[in-house]
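Hi,

Here is the structure I promised to pass on. Have a look at it first, and then read on for what turned up.

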Amino acid sequence: MDEANTRQDVEANLPWNLAVNLLDITMMMFALNLVSRETILPLLVSRLTPSRVAVGLVSAVYSLAYLLPQLLTASFAEGLRRKKPFVMLVGGLGERFPFLLMGVAVWWLAEPAPAVTVAVILFLLAVSDASNGVATPAWFDLIAKVIPVYRRGVWAGLGHSLGALLGMAGAALAAWALSRWPFPRGFSLCFLAAFGAMVISWIGLALNREPETPVVKPRSRLRQYLRQLPGILQRDANYARFLVARSVSSLGGMAAGFYIVYASEHLYVSGAEVGLLTAVLTGSQAVMNVAWGAVADRRGHKGVLLAASLAMALASMAAWAATSAGSLWVAFALLGASLAGNAVSGMNIVLEFCPPEDRPTYIALTNTLLAPTTALAPLVGGWLATRLGYRAMFALASAVAALGATILAFWTREPRHAGLSQGIVPSER
């Protein structure tokens, strides 16, 4: 299929592909909100162990396992004319199935063997996140193939927003489960419900109508492929500066996973209040995902990421100033706005730095280079909270997030407005 026919095929199937990918992302977001990494998972780990570093590992495992493997499969993904079969296999067995196992492990092991349960949870999270990372270059290339650039912001924003709205129902369900069922049954039910939602999201993925890629790069040996990567950063200075800004902003997110733990330890929130704070978080995401999607399609993704970094800085300052569970609402609302901005634009902007045949490489390179600071951030946050206390850590996190916003604002150009975006044709405007 030549390029013109491919574009016609994409346009003809756009309503269908938008619908099924909305089903996929919506149900996945619903599932992830049921076992939120910002509330439910940190609280569960804190109930199983007093180690604050273990709480930080919930986010660190995600960063390392998800981000690091991507360069190992990017060249393979570039050589696939159809990405969907590979993404379905890895995303089904590797990414989604571990949540069923986590639910079973928490149900049977949490009380007799809490330390073992923490190890099992972290291991299964690593398996799920690594599988997600392996599939991500091919999945984002699939999305770029079936959804044109002028609709990606709306797709990401609307999908995450609907997922967040369902997540509010999920937060209510989680609050009911945590208050209705004694520990650890409520947490186990959250994992099992999340797995059920992930199965539905996988069905949406399977329904994609994907055209063959008209031009694919020949696969090269891994060593040869890796040797080519530094040249990308040398040739594309704007992309390299973008990575610096994103790294600093990621480090500024060190406090996000500790808001709920701080509330539990110092503000004595109940299980119902945890559900309410999760609802505030997901409600904020629901509203801001749509807003950020519209801004991104009209103005570009850089402004969205800049606002997300500023929201993260303000969220940490709000947590620093909080004196009750009610006053934490502001922190969680701002955190939701920040997470929404990153969800809508964090990877979509990368697709606009490169030509279509290089998309898997740019996606994998971005995630791999961001892995160190993203993984270190929660560990640094846990160490600072142990040595200096939560409030000092919140203040430092706010300052670093603001620095990341400053670097992004003044040192990086919006690729779309700088004429760097690929794949935009007059008919798409």
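Let me begin with a charged residue: Arg96 has a relative accessible area of 5%, so Arg96 is buried. Please keep in mind throughout that this is a predicted model.

Which residues are linked with Arg96 in a network of salt bridges? They are Asp24 and Glu95. In the bridge between Arg96 and Asp24, the N to O distance is 3.5 Å. This pair ties together distant parts of the chain, with Arg96 in helix H6 (residues 84-109) and Asp24 in helix H2, 72 residues apart. The bridge from Arg96 to Glu95 comes out at 3.6 Å, again N to O. Asp24 is buried, just as Arg96 is, and Glu95 counts as buried too because its relative accessibility is 14%, below the 20% cut-off.

Another salt bridge joins Asp141 and Lys83, whose closest N and O atoms are 3.3 Å apart. It also links distant parts of the chain: Asp141 sits in helix H7, while Lys83 belongs to the loop between helix H5 (70-78) and H6, 58 residues away. Are these two buried or exposed? Asp141 has 4% relative accessibility and therefore counts as buried; Lys83, at 1%, counts as buried as well. In total, the model has six salt bridges.

Helix H7 (residues 114-146) also holds Asp129. With 3% relative accessibility, Asp129 counts as buried. Setting aside residues up to four places away in sequence, Asp129 touches Arg37, Val61, Tyr62, Ala65 and Tyr66.

Now to the helices themselves. The protein chain has 17 helices and zero strands. Helix H2 (residues 14-34), which carries Asp24 of the network, has 21 residues and reaches 30 Å from its first C-alpha to its last. That is close to the 30 Å expected at 1.5 Å a residue. Of the 21 residues in H2, 16 are buried, so the rest of the structure largely encloses this helix.

Helix H3 (residues 40-48) gives a similar picture: seven of its nine residues are buried, so H3 too is largely enclosed by the rest of the structure. The buried residues in H3 are Ile40, Leu41, Pro42, Leu43, Leu44, Val45 and Leu48.

On to the nonpolar cores. As a general point, nonpolar side chains in soluble globular proteins tend to be buried together. Here, the largest nonpolar core has 68 residues, and the members that touch the most others are Tyr259, Leu328, Phe332, Met393 and Phe394. Helix H9 (residues 185-206) supplies the largest share of this core, with seven residues. There is also a second, separate core of 26 residues, and among its members are Val90, Tyr150, Trp292 and Val304.

What is Leu328 in contact with, beyond its neighbours within four places in sequence? Its partners are Tyr259, Ala263, Leu267, Leu277, Ala319 and Ala322. Tyr259 therefore appears in both lists, as a contact of Leu328 and as one of the core members touching the most others.Leu243 is another leucine to look at, in helix H11 (residues 237-251). Its relative accessibility is 6%, so Leu243 counts as buried. Apart from its neighbours within four places in sequence, Leu243 is in contact with Leu233, Thr366, Leu369 and Leu370. The C-alpha atoms of Leu243 and Leu44 are separated by 33 Å, and these two residues are 199 apart along the chain.

Finally, some values for the whole chain. A compact globule with 429 residues would have a radius of gyration near 22 Å, and the 21 Å of the protein chain agrees with this. The C-alpha trace spans about 60 × 45 × 40 Å along its principal axes. Of the 429 residues, 58% count as buried. The protein chain exposes about 16800 Å², with carbon and sulfur atoms supplying 67% of that area. Among contacts between residues at least 6 apart in sequence, 88% join residues at least 24 apart.

Best wishes

Technical notes
Residues numbered from 1 in each chain as written. Predicted model: local features only at pLDDT ≥ 70, side-chain atom pairs only at ≥ 80, totals over all residues. Heavy atoms only, no water. Buried < 20%, exposed > 50% of the residue type's maximum accessible area, 1.4 Å probe, protein only. Helix = DSSP H or I, 4+ residues; strand = E, 2+ residues; numbered from the N terminus. Core = buried A, V, L, I, M, F, W, Y, C linked by side-chain atoms within 4.5 Å. Contact = heavy atoms within 4.5 Å. Expected span 1.5 Å × (residues − 1). Rg over C-alpha atoms; globule rule 2.2 N^0.38 Å. Areas by Shrake-Rupley, 256 points an atom, 1.4 Å probe, with all protein chains shown as cover. Salt bridge = Lys/Arg side-chain N within 4 Å of Asp/Glu carboxyl O.
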